Amino acid sequence: MFIAFAAVALIASHSYSLGRAGRMGPGYFPLLLGCALVLIGLILVARSFFTAGERIEPMQLLPLGIIAVGICVFGLLLQPLGLVLALLAVIVITAFASRESRPLEIAALAVVLTAFSVGIFVVALRLPLPIWPAFL
């Protein structure tokens with residue numbers, strides 16, 4: 001991950017002038033940041049070969065797929081059903097990504113996150129989001 005972020009920083013800094021240490025150009029900091037991230041990434045990779053420990057479980061694709069579906073459903077339902085119902089749907093769908101989810105916890109999370117989101121995005125930031133469906 002560090003090396004991937006470093007690659008992005010190094011590619012971004014490639015087209016900018018570097019300047020000097022006393023008078024840095026716009027590409028100087030991304031280049032230094034990219035080099036530092038490469039160094040950290042290489043150290044972590046080297047350490048992983050010499051450190052004994054438990055094996056990491058393989059990545060579970062089903063929970064990631066469920067979360068991706070939930071995000072897509074939110075995007076599709078926001079305009080026709082409004083923020084409240086779209087958030088409730090996405091929270092219930094993404095709760096299936098965990099085997100440890102309980103119905104009472106999901107309901108409490110849905111109520112708190114929906115109230116928080118409406119408060120932040122609609123009331124505080126005044127974004128023009130529909131709160132409820134247009135047919136209500």
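I began with helix α3, residues 61-95 (helices being DSSP runs of H or I of at least four residues, numbered from the N terminus), and found that its 35 residues leave the end C-alpha atoms only 15 Å apart, short of the 51 Å that a straight helix would reach at 1.5 Å a residue. The expected span here is 1.5 Å times one less than the number of residues.

I noted that this is a predicted model, in which local features need pLDDT of at least 70 and side-chain atom pairs count only at pLDDT 80 or more, while totals for chains, interfaces and linings use all residues. Residues are numbered from 1 along each chain as its sequence is written, and side-chain values use heavy atoms, with hydrogens and water left out.

Where does α3 bend? I located a bend of about 135 degrees at leucine 81, the bend being the angle between axes fitted to the seven residues ending there and the seven starting there.

I then looked up burial in α3, where the buried residues include Ile66, Gly70, Leu78 and Val90; buried means under 20% relative accessible area, exposed over 50%, and partly exposed in between, with a 1.4 Å probe and protein chains only. The buried residues of α3 pack against α4, residues 103-124.

In the segment after α4 I came to arginine 126, which has a positive phi of about 55 degrees although it is not a glycine. Most residues other than glycine have a negative phi. Arginine 126 counts as exposed, at 71% relative accessibility.

Last, I checked leucine 39 in helix α2, residues 28-50, and found it exposed, with a relative accessible area of 53%. Leucine 39 and tryptophan 132 are 93 residues apart in sequence and 51 Å apart in space, C-alpha to C-alpha.

Conventions
Helix = DSSP H or I, 4+ residues; strand = E, 2+ residues; numbered from the N terminus. Contact = heavy atoms within 4.5 Å.
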